[in-house]
Amino acid sequence: MPQIRLLGTTAFRVVMVYLILFGASVLALLAFVYWTTAGISTAQTDDTIRAEITGLAEQYRAGGLVGLSQIVRERSRNQRQSIYLLTDPGRRPIAGNINAWPEAETTAEGWLEFPYNRPVGGEIETHLARARHLSLEAGFQLLVGRDIQERLDLEQVMRSSLAWSLALTLGLGLLGGYFISRNMLRRIEAINRTSREVMAGGLEKRVPVTGSGDELDQLAGNLNAMLAQIERLITGMRQVTENIAHDLRSPLNRMRSRLEVTLMEEPDSDGYRESIRETIEESERLLGTFNALLEIARAESGHGADTLKPVDLSTVVRNASELYEALAEEKGLAFTAELEPELNITGDENLLSQAVGNLMDNAIKYTPGGGTITVSARKLGERVELSVADSGPGIPMDKRDDVLNRFVRLEESRSSPGSGLGLSLVQAVALLHRAELSLEDNSPGLRVILRFSTAPS
Ligand SMILES: Nc1ncnc2c1ncn2[C@@H]1O[C@H](COP(=O)(O)OP(=O)(O)O)[C@@H](O)[C@H]1O
Ligand SMILES: [Mg+2]
């Protein structure tokens, strides 16, 4: 794993906190189980011994020492886990199943615990016993107890299995934490690596997406979308710069050489006048091209995206129609506009009328006299459809994508004025409005359709 240390990662710390909480709960649970089981069986033993002592004390009161020793003798024969010992004032055994008074101290409550030897299947084992001490009259002593070895063994087994479960829980938790954080770390490192590559100039690099759809994947997806957007903007900017360099150089050169030639000729006020007029015309075209390029860049950068407002497309198209209808009639073209009222979309009014104007301008420019131009705008379900159709030469199928690029003009259109930016702007405006742009055959002629969505995005 690179530079970052596993233990220092957020993922690992989160896992550790969970592990500690989980470990503490497991510990508490196990402690509770242990305490109830072991504690209860100790209390049970004590109760049994106490009850037996009470019983024997009664027997002693009723039958005296002789009666008691008889009962002790009897019970010593039968009871397997019980321990009895009756001794005289010199602590010498009278009856019972152990042969000497244990050396252990008796506690203030009268209890004592001691090891003793017990025959088990022919062998002598040392077991632990817990017993209660009762002093009788005249220095005689009674000891009643239980073998607690089995219980201690059980407690021992429980303790070790509890320790094992805790160790296992912590071990598995640690292992899980290690793998989870390693996986997280690997994915975050992938994001870091991509960022470094992008910073080093690899703008086309993308963060790998695992397809799991989790939050890291969402982060990767968003970063990728952001990178794509940045790449698009930068490419667009670069393209504009290159376009300007290539396509504005020749008109500027033309202007300069015309002025130089004029200067070299004999001073002549009519010649000067003509030259100035041509220069003004040329610079107007240049300004037009500049403006068109800027408009396209503005639309493409999505600069207007947050300034998109409710617009009535019907009004926008009607205003443009009023302007271009006269031009069409001048050229002898039949111009019809079929507009449904109130076609509300969200958009940039200026850019929209610029785009509609470009489409009408093309239709008029490229359709020979006597043709027809039909503009329509209508609502189709959730969409608003705008179409500008003409009966001119149309655009061949294989050129329909190409003419959308900047400065592209078809060979046969070179004679008419234009810069090849009209449709580029239409496309940029369509993109900005998330509208679908299609160039279709109007047989004969071209039909350009823009489909806007009315659903709020
Ligand atoms: N309505 C149309 N009919 C035929 N050809 C067209 C039409 N509109 C556009 N074109 C072709 O597409 C090219 C690009 O159009 P455009 O981007 O508007 O640039 P411009 O009009 O300045 O040449 C035009 O030069 C022309 O060849
Ligand atoms: Mg045009």
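Two strands pair if DSSP finds at least two bridges between them. Strands (E, at least two residues) and helices (H or I, at least four) are DSSP runs, numbered from the N terminus.

The model is predicted: local features need pLDDT of at least 70, side-chain atom pairs count only at pLDDT 80 or more, and totals for chains, interfaces and linings use all residues. Residues are numbered from 1 along each chain as its sequence is written, and chains are lettered from A and ligands numbered from 1 in the order in which they are written.

**Exercise 1. Trace the strand pairing around E10.**

Step 1. Start with E9 and E10. They run antiparallel, joined by 8 bridges. Ser 376 has Ser 387 in E10 as its bridge partner.

Step 2. Look at the turn. E9 and E10 make a hairpin with 2 residues between them. Gly 381 sits in that turn, with a positive phi of about 65°.

Step 3. Move on to E12. E10 and E12 are also antiparallel, with 7 bridges. Here Ala 389 is partnered by Arg 447 in E12.

**Exercise 2. Find the largest nonpolar core and the elements that build it.**

Step 1. Fix the term. A nonpolar core is a set of buried Ala, Val, Leu, Ile, Met, Phe, Trp, Tyr and Cys residues joined through C-beta atoms within 7 Å. Buried means that 20 or more other C-beta atoms lie within 10 Å of the residue's own, with C-beta atoms placed from the backbone.

Step 2. Count. The largest core has 45 residues, and Leu 313, Met 360 and Val 429 have the most contacts inside it.

Step 3. Assign elements. At least two residues each come from helices H5 (269–300), H6 (313–330), H7 and H8, and from strands E9 (372–380), E10 (383–390) and E12 (446–453). H7 gives the largest share, 9 residues.

Step 4. Separate the other core. It lies apart, has 15 residues, and includes Leu 56, Val 72, Tyr 84 and Tyr 116.

**Exercise 3. Describe the shell around ligand 1.**

Step 1. List the nearest residues. A residue counts as near if its C-beta atom, placed from the backbone, lies within 6 Å. Of 22 such residues around ligand 1, Asn 362, Arg 409, Leu 410, Gly 418 and Gly 422 come nearest.

Step 2. Name the elements. Helix H7 (349–366) and helix H8 (422–432) each give two or more residues to this shell. The largest share, 4 residues, is from H7.

Conventions: A residue is buried if 20 or more other C-beta atoms lie within 10 Å of its own, exposed if 12 or fewer, and partly exposed in between; C-beta atoms are placed from the backbone.
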